[in-house]
Amino acid sequence: MIQKIELPFSDGRIISIETGRVAKKAGGSVIVRLGDTMVLAAATASASPREGINFFPLTVDFEEKLYAIGRIPGGFFRREGKPSEKSILTGRKVDRTIRPLFPEGYFHDVQVIVTPLSVDQDNPPDVLAIVAASAALSISDIPFDGPIAGVRVCRINGAFVINPTNAQIKESDLDLVAAGTKDKILMLEAGCKEISEKDIFEAIKSGHAVIKDLIKLQEDLVSKAGKPKANPVFYKANDEIKKFVYQNAEKKIQEAMRIADKEKQNSQLNSIQGELKKKAEAEPKIAELFIKKPFDYKNVIEEIEYDAMRKMVLQEGKRIDGRGFKQIREIKCELGVLPRTHGSAIFSRGDTQVLTVATLGSPGEEQRLEGLDVEETGKKFMHHYNFPSYSVGETRPSRGPGRREIGHGALAEKAVQPVLPNEEKFPYTLRLVSEVLSSNGSTSMASTCGSTLALMDAGVKISSPVAGISVGLVTGEGKNITITDIQGLEDHLGDMDFKVAGTREGITAVQVDVKIRGLSYEVVEQALSQAKEGRFFILDKMEDAIKAPREEMSKYAPRIISFDINPEKIGMVIGPGGKNIKAIIEETGVQIDIEDSGKVLITTADAEAGKLARKKIEDITFEPKIGDVFSSRIVRITNFGAFAELPGGKDGLIHVSQISQNRVNKVEDVLSVGDEVVVKVVEIDDMGRINITLKGVTEEDKKRIIS
C-alpha cells in the first residue's frame with residue numbers, strides 16, 4: 001500500500017516522503033521529494049551477524065546518476081564510473097548521522113543506498129539523502145533509534161534561510177548542514193566566510209527547529225507503514241574470555257593507560273596482549289576460545305581501556321598524557337622544507353605531523369567535474385590528503401585514497417578556501433597535498449594548519465592565516481567533559497570529534513561526529529568556545545614562524561601574464577584547427593588559456609617567452625586606430641599606391657598622393673617591395689579598410705612608433 005506524507009515549508013515549497021511504490025524487496029524504502037528533486041533510499045540488513053568481526057558493518061552509498069539531470073555520462077563506456085568526490089562526501093554525511101543510532105553489539109551487515117532520481121538545480125539532494133535514509137531505516141525492521149533528520153542552513157544579509165536553493169547558497173556566507181534527533185545534535189558540516197561562534201550556534205538552533213518538524217513527519221509515516229523491528233543477534237564477548245582477561249590483565253592495562261608517551265604506551269599494551277596469549281596457551285579451553293573468537297579478548301581489552309580512560313577524566317580530572325583539559329600539545333612549524341616545490345611546510349602537534357606541499361599551475365589545469373550540475377564545472381583549488389600506513393606504524397597495501405582521505409581532504413580545503421585571493425588577482429590553479437607523516441589524533445586539522453603555512457611559503461597572498469583544532473568529549477556520571485586537542489586514543493575511546501577551523505576573525509569550517517546519541521546545546525556551545533581558544537593559541541604559534549605570505553613566489557613557480565583581447569578575435573588567435581595558437585605554444589613553450597570573455601592567460605616560468613607569446617597574440621588581435629604610427633614594410637605596389645604590412649596581419653594603403661610632399665608620377669620611383677617605412681593611420685572606412693600616410697608623419701610622430 002502506497003503511503004505519502006507532506007510538510008510545507010514557510011516559503012511555500014513542500015517536502016514529501018512516499019513509501020510502498022518502489023523497491024519493495026528492501027527492508028525499507030522511501031522516495032523523498034522537494035521541488036523536482038527526488039531521492040530514493042533503500043535500507044537492507046543481513047539476516048544474521050557477520051562472523052569474525054568486532055565492528056558494526058554499515059555501508060552508505062550515495063549513487064549519482066546523470067539521468068537525474070538529463071545528461072549522458074562522458075567517457076568511453078558512457079555510464080557512471082567510480083563515485084565522484086561529491087557523492088562520497090554526501091554518503092559520509094549520511095553515514096556519520098545515522099551510525100550512532102544503531103544498538104551496541106549489532107554486527108549485522110546494513111546497507112543504505114541513496115539514489116538521486118531527479119535533480120532540479122534548485123534543491124540540492126544531499127540533505128534530502130539524510131532524511132530519506134532515516135525514513136527508510138525507521139519504517140524497516142532494522143533496529144534503529146530514529147527517526148532523525150537533516151537540514152541545510154545558510155545566511156543571506158544576516159537572515160538564516162532553511163534548506164536554501166542553490167542560488168541562495170551562492171549568495172550566502174554560511175553553508176551549514178545540521179542533523180539531529182528531537183533534542184540533540186548528531187552531525188554538523190559547515191563551510192563559512194569567517195562567521196562568529198555565536199552566529200554558528202544560532203544557525204544550528206535555527207535549523208534544529210525544522211529538524212523536529214521533519215522527525216514528526218517521519219513518525220507519522222512509521223505509524224502508517226512501519227514494520228515491526230526484528231530481534232537480531234547482538235554481539236557479546238565470551239564470559240570465560242572476559243573473566244580470564246580481567247583477572248590477568250585489568251590492572252596492567254589500567255597502568256599502561258597512564259603512560260603519557262604514545263609509543264611506550266602502545267609497546268606496553270602490545271606486551272600485555274602477548275602475555276595474555278602465552279597464559280592462554282597454558283589453559284587448553286581458553287586457548288581454544290582465543291582461536292575460535294579472536295576478537296573477543298581484544299574487545300575486552302578495549303573495554304578495560306575505555307573504562308580506564310573515562311575514570312581518569314571523570315573521577316580524577318586527568319588525561320591519558322597528563323595534560324589539562326584545554327592544554328594543547330607542543331606546536332612546531334617548519335617552512336620551505338622542500339627546495340624545488342613552490343611552497344612547503346611541516347606542521348607538528350605532539351606526535352601528529354603533516355607535510356603540506358603547494359603547487360601553482362595554469363588556469364587550464366583546473367579539475368573538470370562531472371556531477372549533478374547541468375554544466376560541467378571547473379575547480380581551481382584542490383586539497384588532497386594522504387594517510388600512509390607508516391604514519392601509524394602499520395603495514396597495509398596502498399590502494400589510493402579512501403572515503404576517509406577524501407573527507408579529510410575536503411574539510412581542510414573548505415577551511416582554507418575563504419582566505420584565498422580572488423581569481424582576478426590570482427588566476428592560478430592551486431593544488432595542496434597533505435602527507436600525514438605521523439598520526440596521533442586530528443590530522444585533518446593539522447592539514448589545515450600545514451596548508452596555511454605552505455600557502456604563505458609559496459607567496460600566495462591569503463587574507464588571513466587559518467588554523468584548526470579538534471575538541472573531544474567524555475560523558476558519564478552526569479558529567480560532560482570537553483577536552484581540547486584530542487590524541488588518537490581519546491578520539492577512539494571518546495564520544496565526540498568536534499573540529500573547528502578558522503581565522504582570528506571567525507570560523508571557516510566545522511565538522512562534528514559523535515558516537516553517542518547526540519549533543520546538547522550546552523556541549524555544542526562549550527565546544528565552540530573551547531575551539532576558539534585553542535585556534536587562537538595555534539595561530540600565535542604559526543605567526544611566530546611566518547607572519548605574512550612571502551613577498552616573492554618561488555623561482556620554480558610559473559608566472560601568469562593576464563590581458564584582454566576582443567572576444568570576436570578569439571577565433572583568429574586560435575586559427576583554423578588551432579593552427580595559430582599551437583604555433584605560438586610550440587615556438588615559446590608557454591601554456592595559453594583563453595576564456596570566452598576574451599581574457600588571455602599565459603603561464604610560463606620564462607619571462608621572455610611569456611613576453612614573446614603576448615606580443616604574437618597582440619599582433620594577431622591588434623586593431624589600428626587613427627593616429628597610430630608604425631614601422632612597416634612595403635608588401636605590394638600598385639599604380640595607385642603601395643600597401644604596407646601592419647600588426648594583426650592587416651595591410652594599409654599608402655595612396656600615391658600620401659607618399660611624398662612632392663608630386664609622385666610613378667610609385668616605383670619612390671618605393672619598392674621590402675622597404676621599411678614609418679607610416680601613420682589617417683582613415684579607417686566603414687569596411688575596415690585602412691588608409692595610411694608617409695608624407696604626414698612628423699618628427700614628433702616618430703617618437704611614438706608602436707612596435
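In which loop is Pro147 found? In this predicted model, Pro147 is located in the loop between helix 2 and strand 7, where a cis peptide bond, with omega at about 0°, joins Gly146 and Pro147. Two further backbone features concern phi. Ala23, placed in the loop between strand 2 (14–19) and strand 3 (28–34), is a residue other than glycine with a positive phi, near 50°, and it counts as partly exposed at 32% relative accessibility. Ser442, found in the loop between strand 17 (429–438) and helix 10, likewise has a positive phi, near 55°, but Ser442 counts as buried, its relative accessibility being 10%. As background to these cases, most residues other than glycine have a negative phi, and most peptide bonds are trans.

The chain is divided into domain 1 (3–225), domain 2 (239–316), domain 3 (331–545), domain 4 (559–621) and domain 5 (628–706). The centres of domain 1 and domain 3, taken over C-alpha atoms, are separated by 25 Å, and 45 residues of domain 1 are in contact with 42 residues of domain 3. The size of an interface is often given as the accessible area lost when the parts come together. For domain 1 and domain 3, the area buried between them is about 3800 Å², with 54% of it on carbon and sulfur atoms. Of the area that domain 1 buries against domain 3, 18% is supplied by Glu194, Glu197 and Phe201, which is more than any other three residues supply.

Aromatic rings form another group of contacts, and the structure holds 13 aromatic pairs. One of them joins Phe102 and Phe144, whose ring centres are 5.3 Å apart and whose planes stand at 55°, an arrangement that counts as tilted. Phe102 lies in the loop between helix 1 (85–98) and strand 6 (108–118), whereas Phe144 lies in the loop between helix 2 (125–139) and strand 7 (149–156), so the pair ties together parts that are 42 residues apart in sequence. Phe102 is buried at 5% relative accessibility, and Phe144 is also buried, with a relative accessible area of 10%. In another pair, the rings of Phe622 and Phe630 have centres 5.5 Å apart and planes at 90°, and the pair is therefore edge-to-face; both Phe622 and Phe630 are buried. Phe102 and Phe144 also belong to a cluster in which ring pairs link Phe56, Phe102, Tyr106, Phe144 and Phe234.

Aromatic rings are also found beneath charged side-chain ends. The charged end of Arg504 sits over the ring of Phe536, at 5.4 Å from the ring centre, while the charged end of Arg636 sits over the ring of Phe643, at 4.1 Å from the ring centre.

Helix 9 (residues 403–416) is made up of 14 residues and reaches 20 Å from its first C-alpha to its last, close to the 20 Å expected at 1.5 Å a residue. The helix is mostly covered, with 11 of its 14 residues buried, and among these buried residues are Glu405, His408, Leu411, Ala412, Glu413 and Val416.

Several residues of helix 9 recur among the contacts of two serines in helix 10. Ser444 lies in helix 10 and is buried, with a relative accessible area of 0%. Neighbours within four places in sequence being left aside, Ser444 is in contact with Tyr385, His408, Leu411, Ala412 and Lys499; His408, Leu411 and Ala412 are among the buried residues of helix 9. Ser447, likewise placed in helix 10 (residues 443–457), counts as buried at 0% relative accessibility. When residues up to four places away in sequence are not counted, Ser447 touches Val354, Thr356, His383, Tyr385, Ala412 and Ser434. Tyr385 and Ala412 thus appear in the contacts of Ser444 and in those of Ser447. With respect to a more remote part of the chain, the C-alpha atoms of Ser444 and Asp675, which are 231 residues apart along the chain, are separated by 68 Å.

Conventions:
Residues are numbered from 1 along each chain as its sequence is written. This is a predicted model: local features need pLDDT of at least 70, side-chain atom pairs count only at pLDDT 80 or more; totals for chains, interfaces and linings use all residues. Side-chain values use heavy atoms; hydrogens and water are left out. Helices (H or I, at least four residues) and strands (E, at least two) are DSSP runs, numbered from the N terminus. The expected span of a helix is 1.5 Å times one less than its number of residues. Buried means under 20% relative accessible area, exposed over 50%, partly exposed in between (1.4 Å probe, protein chains only). Rings of Phe, Tyr and Trp (its six-membered ring) pair if their centres lie within 6.5 Å; planes under 30 degrees apart count as stacked, over 60 as edge-to-face and the rest as tilted. A charge sits over a ring if NZ of Lys or CZ of Arg is within 6 Å of the ring centre and within 35 degrees of the ring normal. Domain bounds come from an automatic or database domain assignment. Contact means heavy atoms within 4.5 Å. Buried area is the accessible area (1.4 Å probe) that two parts lose on being put together, summed over both.
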